[in-house]
Amino acid sequence: MKVPSAAISRLVTYLRILEELEAKGIHRTSSEQLAEEAQVTAFQVRKDLSYFGSYGTRGVGYTVPVLKRELRHILGLNRRWGLCIVGMGRLGSALADYPGFGESFELRGFFDVDPEKIGRPVRGGVIEPLDFLPQRVPGRIEIALLTVPREAAQEAADRLVAAGIKGILNFAPTVLEVPKEVAVENVDFLAGLARLSFAILNPKWREEMMG
């Protein structure tokens, strides 16, 4: 069964809600409560969860710690992933300073091709030449945050794939060509702004878009 990417995004939202509920000492919840917090329907919550199994009891709802644990497992957040940043310009540097990676993601490498940036200290490490990537990745780094200019993105992606990277979070405004065994998630700010402008101008379609 193919799981829609939008459903995965909603699982992340449900997990955040469950973490907030647990922090408040709330032990049980319902699809209606999750739906209200996530701004979707209860039917949507149940459908999203049904892709992966049966987690609630009719008339009783969900046990917050149990569903939280199951969602972390589904999303692969029950382990620690090694990350690197390729492209230490303004965006790469800002991401390196971001404090919210949590316990599931650890920055383990920073790479660039600019000689003026190489050797600069950053978040407990230093910026290294991109040529060092093949020695740094094996057994240590699985995911790369790609923050290079558009014209350099495909070449950088090719080098990441050759080094053994399993997933790329791509901030460059271009479509990357990678082998099917390498996962790519694109972060497109302009596309997000375009969706927002459309939603503002078309409020009757907003609920469907945001769901």
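The following questions and answers concern the sheet, the salt bridges and a charged surface patch of a predicted model.

Me: What is the order of the strands in the open sheet of six strands?
Reply: Strands of a sheet pair through backbone hydrogen bonds, either parallel or antiparallel. In this open sheet the pairing is parallel. The order of its six strands is E7-E4-E3-E8-E9-E10.

Me: Which strands stand at the edges of this sheet?
Reply: An edge strand here has a single partner strand, so one side of it is left without a neighbour in the sheet. This applies to the strand at residues 128–129 and to E10. The edge strands are therefore E7 and E10.

Me: Which residue of E8 is the bridge partner of Leu83?
Reply: Strand E3, residues 81–86, pairs with E8 in the parallel sense, and four bridges connect them. Within E8, the bridge partner of Leu83 is Ile143.

Me: Is the β-α-β crossover from E8 to E9 right-handed or left-handed?
Reply: Strand E8 (residues 143–146) and strand E9 (residues 167–170) run parallel and are joined by four bridges. Between E8 and E9 the chain passes through helix H7, residues 150–163. This crossover is right-handed.

Me: Which residue of E10 is the bridge partner of Leu169?
Reply: In E9, Leu169 is the bridge partner of Leu145. E9 also pairs in the parallel sense with strand E10 (residues 183–186), over four bridges. The bridge partner of Leu169 in E10 is Glu185.

Me: How many residues apart in sequence are the parts tied together by Asp48 and Arg10?
Reply: The side chains of Asp48 and Arg10 form a salt bridge, with a distance of 2.7 Å from N to O. Asp48 belongs to helix H3 (residues 42–50) and Arg10 to helix H1, so the pair links parts whose separation in sequence is 38 residues.

Me: How many salt bridges does the count come to?
Reply: A pair counts when a side-chain nitrogen of Lys or Arg is within 4 Å of a carboxyl oxygen of Asp or Glu. The pair of Asp48 and Arg10, at 2.7 Å, is a salt bridge. The count of salt bridges comes to 11.

Me: Which helices each supply at least two residues of the negative patch?
Reply: The negative surface patch consists of Glu19, Glu20, Glu36 and Glu37. Of these residues, Glu19 lies in helix H1. The helices that each supply at least two residues are H1 (5–23) and H2 (31–38).

Note on methods
Residues numbered from 1 in each chain as written. Predicted model: local features only at pLDDT ≥ 70, side-chain atom pairs only at ≥ 80, totals over all residues. Heavy atoms only, no water. Pairing = 2+ DSSP bridges. Right-handed = clockwise from strand over helix to strand, strands pointing away. Patch = residues over 30% accessible without salt bridge, like charges linked within 9 Å, V, L, I, M, F, W, Y side chains within 5 Å. Areas by Shrake-Rupley, 256 points an atom, 1.4 Å probe, with all protein chains shown as cover. Lys, Arg positive; Asp, Glu negative; His and termini not counted. Charge placed at Lys NZ, Arg CZ, Asp CG, Glu CD.
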